[in-house]
Amino acid sequence: MLELAKFDFGSLTVTALSRNGGVSKFPYDTLNLSSRVGDQPEAVASNLTKVQRLIRADSLAVLQAEHGVKVHQATRAGEAAPGDGLVCTKPGLGIIALSADCVPFALVDPIAKVIAVGHAGWRGVLADLMSQLSKSFVKSGGDISQSTAILGPAICGSCYEVPKDRVKLFKKSNPDAILDKTHLDISAGVRAKLNELGYKTNQVLACTYEETKLFSYRRVGGGPTGRTGLAAVIK
Ligand SMILES: [Zn+2]
């Protein structure tokens with residue numbers, strides 16, 4: 001119920017979560033994993049424990065996205081310092097990126113046992129968080145040629161209407177993110193950049209706006225709503 005999709009690489013796993021199976025009440029029902037959206041702290045803690053058990057982690061480090069390109073090394077459990085990427089080499093310490101329309105993604109090297117998670121909205125795609133996260137991933141021992149990138153569910157291009165001026169910003173830096181004059185496909189932008197960097201990519205094909213099993217910030221007119229996520233852990 002909690003799980004939307006799971007990727008098992010032998011030495012590590014990546015799990016995309018749904019919004020189901022948690023204890024939070026409306027409008028955070030039910031698997032809200034963010035302590036920053038107004039939900040009860042006890043409910044969030046309980047939900048995180050459920051996820052920790054599901055992915056068989058000893059503890060969890062949670063990304064605190066801020067729509068930038070800062071990347072941190074995850075060395076201990078709990079909320080990470082504000083940033084949009086986490087890299088981890090510690091077995092048992094799960095790392096998780098939260099979102100509700102933005103693209104959560106993971107980079108994993110099952111041989112070197114290095115994992116990373118990132119959170120990219122249009123700002124992150126424009127600022128190329130993907131390259132920043134990849135840089136830290138490689139610095140920590142990740143070898144792109146033997147790694148896979150996994151994109152979690154996000155809002156699809158047809159559902160993501162934006163001002164024309166915003167679309168124009170992507171013409172030079174990431175044209176793959178442009179669906180048409182008024183729509184951005186941020187997943188396509190993330191995926192194109194990761195392919196360009198040399199990653200094999202895989203994507204959980206579900207639109208957060210259309211799929212009621214997922215949280216969508218847009219569907220509820222800008223909130224409040226919960227955040228679910230994409231979690232990675234080295235066994
Ligand atoms: Zn859609």
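Two strands pair if DSSP finds at least two bridges between them. The exercises below apply that criterion to a predicted model.

**Exercise 1.** Determine in which sense strands S7 and S14 pair, over how many bridges, and which residue in S14 is the bridge partner of Ile-96.

*Solution.* Begin with the extents of the strands: S7 covers residues 93-99 and S14 covers residues 228-234. Five bridges link S7 and S14, and the pairing is antiparallel. Following Ile-96 across into S14, one arrives at Ala-231 as its bridge partner.

**Exercise 2.** Place this pair in its sheet by stating the order of the strands, and identify which strands form the edges.

*Solution.* The sheet is open, with six strands in the order S1-S2-S14-S7-S3-S5, and its pairing is mixed. At the edges stand S1 (3-8) and S5 (78-82), each of which pairs on one side only. From one strand to the next the twist averages 20°. Turning to the edge strand S1, one finds that S1 and S2 run antiparallel and are joined by five bridges, with Val-14 in S2 as the bridge partner of Phe-7. The hairpin of S1 and S2 has three residues between the strands, and Gly-10 there adopts a positive phi near 85°.

**Exercise 3.** State which strands helix H1 lies across, and at what angle it runs to S3.

*Solution.* Helix H1, residues 41-54, lies across S1, S2 (12-17), S3 (59-64), S7 and S14. Relative to S3, helix H1 runs at about 120°.

**Exercise 4.** For the sheet that contains S8 and S9, give the strand order and explain why one side of S4 and of S13 is left without a neighbour.

*Solution.* Six strands make up this open sheet, in the order S4-S6-S9-S8-S10-S13, with mixed pairing. Strands S4 (71-73) and S13 (200-203) are at the edges and have a single partner strand each, so one side of each lacks a neighbour in the sheet. When direction is ignored, neighbouring strands here are turned by 20° against each other on average. Within the sheet, S8 (residues 103-109) and S9 (residues 114-120) pair in the antiparallel sense over seven bridges, and Phe-105 has Gly-118 in S9 as its bridge partner.

**Exercise 5.** Describe where helices H3 and H6 lie with respect to the strands of this sheet.

*Solution.* Take H3 (residues 129-139) to begin with: this helix lies across S4, S6 (85-88), S8 and S9, and runs at about 165° to S9. Helix H6 (residues 186-197) lies across S8, S9, S10 (148-151) and S13, running at about 160° to S13. Strands S8 and S9 therefore appear in the lists for H3 and for H6.

Methods. Residues numbered from 1 in each chain as written. Predicted model: local features only at pLDDT ≥ 70, side-chain atom pairs only at ≥ 80, totals over all residues. Helix = DSSP H or I, 4+ residues; strand = E, 2+ residues; numbered from the N terminus. Axes fitted to C-alpha atoms, helices over the stretch in contact; angles between N-to-C directions. Contact = placed C-beta atoms within 7 Å.
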